[in-house]
Amino acid sequence: MALLTGAFAPFFELVGALALLLIVAVLVVAAVLLVLTVASIRSGRLYFPRLLRPGLTALEGLMRALFKAAGLEDQEMLAFFVKLGNTMNARAFAEVPVAERAIFLPQCLRNATCPADLTPEGIRCKRCRRCTVGEAMDVLEGLGYRIFIVPGSSFIKRMVRKYRPRALIGVGCLAEVKEGLEMADKLGLVGLGVVTMKEGCVETLVDWTSLYETALLGLAPSAVPEDLHLPAHEEPACNPAVNQDQPVRPDVADGRAGP
Ligand code: SF4
């Protein structure tokens with residue numbers, strides 16, 4: 001008590017004032033981010049993505065609480081994070097040669113009776129045609145991609161260390177894709193995410209067309225086979241909420257998506 005009223009009083013007053021100023025500044029920034037995020041979600045356009053992304057990342061805990069208070073569902077928030085990351089990364093991704101890109105598919109896309117073997121390089125598809133993964137891998141490998149079927153959480157980092165891709169596409173449920181984009185950022189890679197159409201642990205679905213469109217970003221038309229087609233037996237995309245999570249064209253990835 002004596003300290004507060006003694007010679008140190010001005011110092012403590014200054015610290016208190018600065019702390020108060022910082023709290024007010026954070027709350028103002030959080031309020032701006034909240035308004036921009038809600039407006040972006042409601043309108044389907046990204047407003048000031050260059051401000052949103054670092055802001056939401058730096059204040060994620062607080063923003064999640066505010067989003068909840070504003071009535072936003074968890075899935076809605078995750079989808080927005082993914083859309084933001086995809087939009088911001090699309091241009092940089094398009095500039096990476098395909099030989100330096102990798103695609104990571106979740107094992108849950110496989111048929112429940114998949115006969116593939118687990119290897120140090122992931123699950124090795126046998127092209128048995130019980131699911132569409134094998135056919136899609138042929139198409140994507142034909143484009144020049146290195147493809148992995150991921151057996152576990154530490155696998156991606158291991159393959160990144162081994163093959164040193166500069167860019168990657170991760171397929172998975174919303175939460176996985178969001179975490180994957182964050183991991184790619186931390187590893188200094190350009191990441192794009194494609195969200196599965198059906199969540200779960202077995203026989204999930206992905207919109208292969210969206211994955212192909214993502215994979216084709218930046219590729220010269222001459223590099224795309226004329227017979228590029230959907231894997232047999234696959235339904236086209238039918239869930240608009242999923243399509244919103246796909247990356248946009250590079251020409252809108254530099255912030256011009258806003259007003
Ligand atoms: S096509 Fe490949 S991934 Fe699909 S069930 Fe057969 S071996 Fe498994």
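Helix packing and the ligand shell

The axes of helix H2 (residues 9-43) and helix H3 (residues 49-58) come within 10 Å and cross at roughly 125 degrees, where axes are lines fitted to C-alpha atoms over the stretch in contact and angles run from 0 to 180 degrees between N-to-C directions. That makes H2 oblique to H3, since angles under 35 degrees count as roughly parallel, over 145 as roughly antiparallel, 65 to 115 as roughly perpendicular and the rest as oblique. Helices here are DSSP runs of H or I with at least four residues, numbered from the N terminus. This is a predicted model, in which local features need pLDDT of at least 70 and side-chain atom pairs count only at pLDDT 80 or more, while totals for chains, interfaces and linings use all residues. Residues are numbered from 1 along each chain as its sequence is written.

H3 also packs against H5, at an angle of about 125 degrees and with the axes 10 Å apart, which makes H3 oblique to H5. Helix H5 itself covers residues 74-94, and because its 21 residues at 1.5 Å a residue (times one less than the number of residues) should span 30 Å, the 30 Å between its end C-alpha atoms agrees with expectation. H5 nevertheless bends by about 35 degrees at Met-88, the bend being the angle between axes fitted to the seven residues ending there and the seven starting there. With helix H8 (residues 174-186), H5 packs at about 40 degrees, the axes lying 9 Å apart, and the two are therefore oblique to each other.

Turning to the ligand, 14 residues surround it, the closest being Cys-114, Cys-125, Cys-128, Cys-131 and Gly-134; a residue counts if its C-beta atom, placed from the backbone, lies within 6 Å.
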